[in-house]
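User: Please take a close look at one part of this model. I would like a single connected account of it, from its start to what surrounds it.

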Amino acid sequence: MPETKKFDFGNGERAKLKKDLAEIYNALEEKGYDPVNQIAGYIITEDPAYITSYKDARSKMARMDRYDILKELIKSYLEVG
């Protein structure tokens, strides 16, 4: 039976993900969208139409790994790690 793999997401990478996600959130908000719904829609479907191209938000989101986003959001929500 294979062992469970543990991925180490370094502090620098974590800080960049948080910064980029905040910038995407702000761009969506500035354009009048509900950022939480739009980001959730993107994470579920990976459809870039959920993210505005305003302030390069769509390109930033496309460069991010959805698994890493989910992992960090869950950690933040549960206030762990």
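Analyst: At the start of helix 2, D34 makes a polar contact. One of its side-chain oxygens comes to within 3.2 Å of the backbone nitrogen of V36. The model is predicted, and every value here is computed from it.

Helix 2 itself spans 35-45. Its buried residues are P35, Q38, I39, G41, Y42 and I43. In an α-helix, residues three or four places apart point the same way, because there are 3.6 residues a turn. Buried here means under 20% relative accessible area.

What covers these buried residues? The cover for helix 2 includes helix 1, helix 3 and helix 4. Helix 3 runs over 57-63. Helix 1 covers 11-30, and helix 4 covers 66-78.

After helix 2 comes E46. Its phi is positive, near 60°.

Helix 2 also takes part in the largest pocket. Along with helix 1 and helix 4, helix 2 supplies at least two residues of the lining. The lining has 19 residues, and K18, L21, E72, L73 and S76 lie nearest the pocket centre. By class, the lining holds 13 nonpolar, 1 polar and 5 charged residues. The space in this pocket is about 480 Å³.

Now the wider setting. The chain has 4 helices and 0 strands, in the order α-α-α-α. Of its 81 residues, 28% are buried. Among contacts with a separation of 6 or more, 48% join residues 24 or more positions apart. The chain exposes about 6100 Å², with 53% of that from carbon and sulfur atoms.

Technical notes: Residues numbered from 1 in each chain as written. Predicted model: local features only at pLDDT ≥ 70, side-chain atom pairs only at ≥ 80, totals over all residues. Heavy atoms only, no water. 1 Å grid on protein atoms, 1.4 Å probe; cavity = no way out; pocket = protein on both sides within 12 Å on 5 of 7 lines; lining within 4 Å. Points joined across faces, edges and corners; volume = space filled by probe spheres on them. Nonpolar A, V, L, I, M, F, W, Y, C, P; charged D, E, K, R; others polar. Buried < 20%, exposed > 50% of the residue type's maximum accessible area, 1.4 Å probe, protein only. Contact = heavy atoms within 4.5 Å. Areas by Shrake-Rupley, 256 points an atom, 1.4 Å probe, with all protein chains shown as cover. Polar contact = N/O pair within 3.5 Å; in protein donor to acceptor, adjacent residues only side chain to side chain.
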